[in-house]
Amino acid sequence: MIQSRRRQRVVEAYFNEAAPFWDEIYRDGSVYSLVHQERRAAILSLVKDLGLPTQARVLDVGCGAGHLAIELAQLGYKVEAVDRSSSMVEMTLANCKSAGLSERVDVRQLDIHTLDQPSASFELVLAIGVLPWLDSIDEPLRALARVVALNGHLITTVDNRWGWHRVLDIRTNPVVQVGKHLARRALEKAGIVTPLARAQTTSIRELDRALQGAGFEKKKALTLGFGPFTFFNRNLLSGPGGVRAHHRLQALADGGSPLLRRGGGQYIVSAKKINT
């Protein structure tokens, strides 16, 4: 537990420092940025498919720079946006003000582990890019389930452990990472090294199982993002070449290619709460 709190403080410090990067990522043209931009578009499409009524209550947990919260408010929803990072909260407030939506988005500094909203108070909860930064996903998903109304919805994401760009680089290959991860945790526990702010990967099966355990039923899911492809931290494709490769592989994945449809770097799920 102490190690977990230490890691969370390190993650919070990282996002406080890196807030400008996570704001600019939605304007950059790199493959990494493009994947995040397409992820946001895919999530908005999933939201629209739900057919929620105007003025539905929506909670955006881990709102980052607030771009998704702003678009949800523009769709007419009552949005509450929370983030553990004070810098992210400040950036969300500034972006909401620039968009003229300060009165439409309630922004607060709050952690996923300490959500204080009433039970069953939201028709939709989003946790985008949040679970990868946590030590485990089971307890946080139960915390999210508590604030989702029965028959309400959750949209969440994890970094897909078996995404092709991770499998093909020996540094990030999941088989190799198991030993490295265990060794790192042991060294952290012994106090030999300090925790790192590093996103964790989760398999598709693990997230599906955790969602079911929290009382959700998966309705729609997709993987998204092919690249940047690297080998020992060296880019294998140029910027434009990487973008073209991503688009081509994503098109094949979206078309149902057996080799690629589960191989995107991001796993995105829309689920319905069916159990209290």
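# A guided tour of the predicted model

At 45% relative accessibility, N151 counts as partly exposed, and selecting this residue is a convenient way to begin a walk through what is a predicted model. N151 sits in strand β5, and although N151 is not a glycine, its phi is positive, at about 70°. As background for that choice, most residues other than glycine have a negative phi, and most peptide bonds are trans.

Stay with strand β5, which covers residues 148-160, and add strand β10 to the selection: the two pair in the antiparallel sense over seven bridges. To find one of the contacts in this pairing, select T157 and then I268, its bridge partner in β10. Next bring in strand β7, residues 216-224, which pairs with β10, again in the antiparallel sense, over eight bridges; here A221 has V269 of β10 as its bridge partner. With these strands displayed, colour β10 itself (residues 266-273) by accessibility: seven of its eight residues are buried, so the strand is largely enclosed by the rest of the structure.

Two salt bridges can be visited from here. Select D159 and R166, whose side chains meet in a salt bridge with an N to O distance of 3.8 Å; R166 is buried, with a relative accessible area of 13%, and D159 likewise counts as buried, at 13% relative accessibility. Then select E217 and K219, which form a salt bridge at 2.6 Å, N to O. K219 counts as partly exposed at 49% relative accessibility, and E217 counts as partly exposed at 34%. Elsewhere, R57, E80, R108 and D116 are worth selecting together, as salt bridges that share partners join them into one network.

From β7, follow the chain into the loop between β7 and β8 (230-231), where P228 is placed. The peptide bond from G227 to P228 is cis, with omega near 0°. Now select F226 and R248, which are 22 residues apart in sequence and 9.1 Å apart in space, C-alpha to C-alpha. R248 belongs to helix α9, residues 239-254, and is exposed, with a relative accessible area of 54%. D254 is also found in helix α9 and counts as exposed at 57% relative accessibility; a distance drawn from D254 to L131 spans 24 Å, C-alpha to C-alpha, for residues 123 apart in sequence.

For the surface, select W162, I170, V175, V176, F231, F232, L236 and L237, which together make a nonpolar patch of about 760 Å². One of these, V175, lies in helix α7, residues 174-189, and counts as exposed because its relative accessibility is 59%.

The next stop is the interior. The largest nonpolar core has 32 residues, and those with the most contacts inside it are I43, V47, L72, Y77, V105, L126 and I155. Two or more of its residues come from each of α2 (31-49), α3 (67-74), β2 (78-83), α4 (86-98), β3 (105-109) and β4 (122-127), with α2 giving the largest share, eight residues. Centre the view on V47: leaving aside neighbours within four places in sequence, V47 is in contact with L72, Y77, L124, L126 and I155. Apart from this core lies another, of 29 residues, among them L154, I204, A210 and A214.

Helix α3 deserves a selection of its own, since six of its eight residues are buried, so that the helix is largely enclosed by the rest of the structure. The buried residues in α3 are H67, L68, A69, I70, L72 and A73. Just after α3, G76 takes a positive phi of about 105°.

Move then to the loop between α2 and β1 (57-61), where Q55 is placed. Q55 is not a glycine, yet its phi is positive, at about 80°; this residue is partly exposed, with a relative accessible area of 42%.

Finish with E12 and R84, whose side chains meet in a salt bridge at 3.1 Å, N to O. The pair links distant parts of the chain, with E12 in helix α1 (residues 2-24) and R84 in the loop between β2 and α4, 72 residues apart. At 24% relative accessibility, R84 counts as partly exposed.

Notes. Residues are numbered from 1 along each chain as its sequence is written. Side-chain values use heavy atoms; hydrogens and water are left out. Patches are made of residues with over 30% relative accessible area and no salt bridge: like charges are joined within 9 Å, nonpolar side chains (Val, Leu, Ile, Met, Phe, Trp, Tyr) within 5 Å. Accessible areas come from the Shrake-Rupley method with a 1.4 Å probe; for residues, only the protein chains shown count as cover. A salt bridge is a side-chain nitrogen of Lys or Arg within 4 Å of a carboxyl oxygen of Asp or Glu. Helices (H or I, at least four residues) and strands (E, at least two) are DSSP runs, numbered from the N terminus. Buried means under 20% relative accessible area, exposed over 50%, partly exposed in between (1.4 Å probe, protein chains only). A nonpolar core is a set of buried Ala, Val, Leu, Ile, Met, Phe, Trp, Tyr and Cys residues joined through side-chain atoms within 4.5 Å. Contact means heavy atoms within 4.5 Å. Two strands pair if DSSP finds at least two bridges between them.
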